[in-house]
Every structure is written in structure tokens, then in C-alpha cells.
Amino acid sequence: MAATPLAVPLPARRPARARTTSALATLARRRAALTAANPRQIAVPLLTPILFATVIAPALKTALGGLGTHIDYTAFVSVGTVGLLVPLAAVFAGLSVLVDRDSGAQRELLAAPVPRALLVLGNLMVVLALCSFQVVVLLGVAALRGADFHVTASGIAWFTGAAVLFTVFMYGVAETLASRMTQQEEYIAATPAIAIVPWFFGGALFPIAALPGGLTAFAKVLPLTHALALMRYGLVDPRGTGLHDIWGMSNTTTEAWLSLAVVVAFAAALTLVAIRVFSRSAVR
């Protein structure tokens with residue numbers, strides 16, 4: 001009689017989605033260990049924004065009399081300072097990508113059987129978590145200093161959406177530059193133009209309507225201007241003065257959705273660009 005071979009069951013393969021999620025979580029944990037391994041790495045980027053929110057803003061309010069409107073100037077500048085905190089955190093995270101490429105384990109990660117886009121997205125997850133913590137601390141300190149925030153559920157949603165999307169956009173910029181540049185010195189030299197200069201034009205310390213006409217038009221195309229207007233609409237100015245300065249409409253809700261669409265477009269575009277540039281630089 002011929003022997004009948006026994007069927008050996010093959011091990012069940014995990015769904016592709018589960019493998020992708022697991023890989024993304026592993027990459028994010030690794031990046032967190034590199035960029036937020038100690039309290040100093042988390043606290044140092046907070047020092048300048050907290051200084052603006054708790055010392056400079058109240059001093060300017062006393063010296064200049066505030067904005068001359070219903071808006072509390074300390075709260076106005078505190079939210080505006082988010083526009084400095086997030087770019088600085090994103091740029092520092094981009095610098096760690098350069099270091100990882102030159103002297104870290106990026107080459108080994110590129111050889112691993114995971115999509116290269118996950119390396120960028122894993123880094124982005126860490127930046128989002130770090131910025132979320134820092135923004136909460138910043139606004140909490142500002143509130144203790146006397147900033148007058150108008151907190152509602154819908155306002156928190158507008159603020160959170162704008163802050164998250166702006167963080168995604170800024171990290172896309174930082175990752176793209178880190179992939180394009182070969183030297184850390186070159187990257188650091190570009191930091192002021194990326195993280196600081198737009199902050200002065202985006203309405204962080206004063207409304208963009210106070211700028212000369214040409215600069216006001218320039219400010220309206222900056223994603224930072226739209227993000228700050230949305231964040232202030234959420235927590236500081238329910239009337240949407242910053243949104244009116246951009247769009248000049250009478251319907252604040254429509255203006256808010258338009259500005260949100262602008263920030264969404266910038267965030268999506270720069271994330272795709274960052275993934276593409278990183279993938280291309282990885283084969284050089």
C-alpha cells in the first residue's frame with residue numbers, strides 16, 4: 001500500500017496591515033529613544049516659547065496697551081508662540097535624521113523589509129507626540145500667568161486640528177531638507193529661515209493687517225498664518241479676527257474651513273515630498 005502523506009499546516013501569516021502597524025510602532029519607539037531620551041531634550045525647546053508667553057507678552061501688553069480690542073494680548077502671543085515652538089521642534093528632529101544617516105543605523109533600517117515611507121512616518125509620530133506635550137505645557141504655563149483663553153469643545157477641535165496639521169507640514173519641510181542636505185552645518189544654517197523668519201510675518205506678535213500691504217499679501221500665503229488664525233479662533237478669538245484679515249469675508253465658519261483646507265494641502269503635499277525625497281536619497 002502506498003503511504004498517504006500527511007498535510008502539514010502552514011503557519012498563518014499576519015495581515016499586512018498588522019505587520020505595517022507593528023513596524024511603524026517599532027520605528028517610532030526607536031526614534032523616540034533617540035530624540036526624547038532625557039528630559040533635557042524635551043525641555044530645552046520649550047524655554048524660548050515660554051519666555052515669550054510669560055515674560056515678553058505681558059511686558060509688551062503693559063508697554064503698548066495690548067491690541068486695543070477684545071482680545072487678551074497675553075493669550076494672543078501665547079498661541080502665536082506655538083508657531084515658533086513647533087518649527088523648532090521639527091527642525092531639531094530633522095537634525096537627528098541627518099545624524100542617524102551619517103553615524104546611526106539608517107543604513108541597516110533601509111535594508112530591512114519595510115517600506116521606506118514608514119521611516120518618515122515613524123519619525124513624524126514622535127514629533128507629533130513631542131509637540132503635543134510641549135504645546136500643552138506652554139499653554140498651561142500661559143494660563144497660570146494670566147492668559148485669558150476661551151475654551152470650548154469646538155474651539156479645542158479647531159485648535160488641535162490646526163496645530164497637528166501645522167506640525168505635519170513643518171516636519172515634512174525638515175525631513176525634506178535633511179534628506180537633501182549632506183552636512184549638518186548646512187542644515188543648521190538654514191534653521192533661521194525655516195523656523196524663525198516666517199514667525200515674524202505670520203501674525204505671531206501682531207495682526208497681519210499691521211504689516212505693509214505687500215508683506216500682508218505675503219503673510220496670507222504662509223501656512224503658519226492660516227494655522228495661527230485657526231488656533232486663535234479656537235482658543236482666543238471666537239470672532240475670528242485673524243481669519244477676517246486673511247479672507248475678508250463675513251462668514252467666520254467658512255473662513256475657518258478655507259484656512260483649514262490650506263493647511264491640509266500644505267501638510268499633505270510636504271509629507272508626500274518628504275517621503276519621495278527620502279526614498280530617492282536612500283539609494284544614492
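Colleague: What makes the way H5 passes H12 a right-handed crossing?

Modeller: This is a predicted model, and in it H5 passes H12 in a right-handed crossing. The term applies because the near helix is turned clockwise from the far one by less than a right angle.

Colleague: And why are H5 and H12 called oblique to each other?

Modeller: Their axes cross at roughly 130 degrees. Roughly perpendicular covers 65 to 115, and roughly antiparallel needs over 145. The angle of roughly 130 degrees fits neither range, so the pair is oblique.

Colleague: How do you know that H5 and H12 meet, and where?

Modeller: The axes of H5 and H12, residues 252-281, come within 9 Å. Ala117, Leu119, Val120 and Leu121 of H5 make the contact with Thr271, Ala274, Ile275 and Phe278 of H12. Seven of these residues are nonpolar, one is polar and none is charged.

Colleague: Now H6, residues 153-180. Why is H6 oblique to H5?

Modeller: The axes of H5 and H6 cross at roughly 130 degrees. That is past the 65 to 115 band and short of the over 145 cut-off, so oblique is the word for H5 and H6. Their axes come within 10 Å, and H5 passes H6 in a right-handed crossing.

Colleague: Which residues of H5 and H6 meet?

Modeller: From H5 there are Val120, Asn123, Leu124, Val127, Leu128, Cys131, Val135 and Leu139. Facing them in H6 are Phe159, Val164, Thr167, Val168, Tyr171 and Glu175.

Colleague: How do the residues of the contact of H5 with H6 divide?

Modeller: Into eleven nonpolar, two polar and one charged. Tyr and Cys count as nonpolar here.

Technical notes
Residues numbered from 1 in each chain as written. Predicted model: local features only at pLDDT ≥ 70, side-chain atom pairs only at ≥ 80, totals over all residues. Heavy atoms only, no water. Axes fitted to C-alpha atoms, helices over the stretch in contact; angles between N-to-C directions. Helix = DSSP H or I, 4+ residues; strand = E, 2+ residues; numbered from the N terminus. Parallel < 35°, antiparallel > 145°, perpendicular 65-115°, else oblique. Contact = heavy atoms within 4.5 Å.
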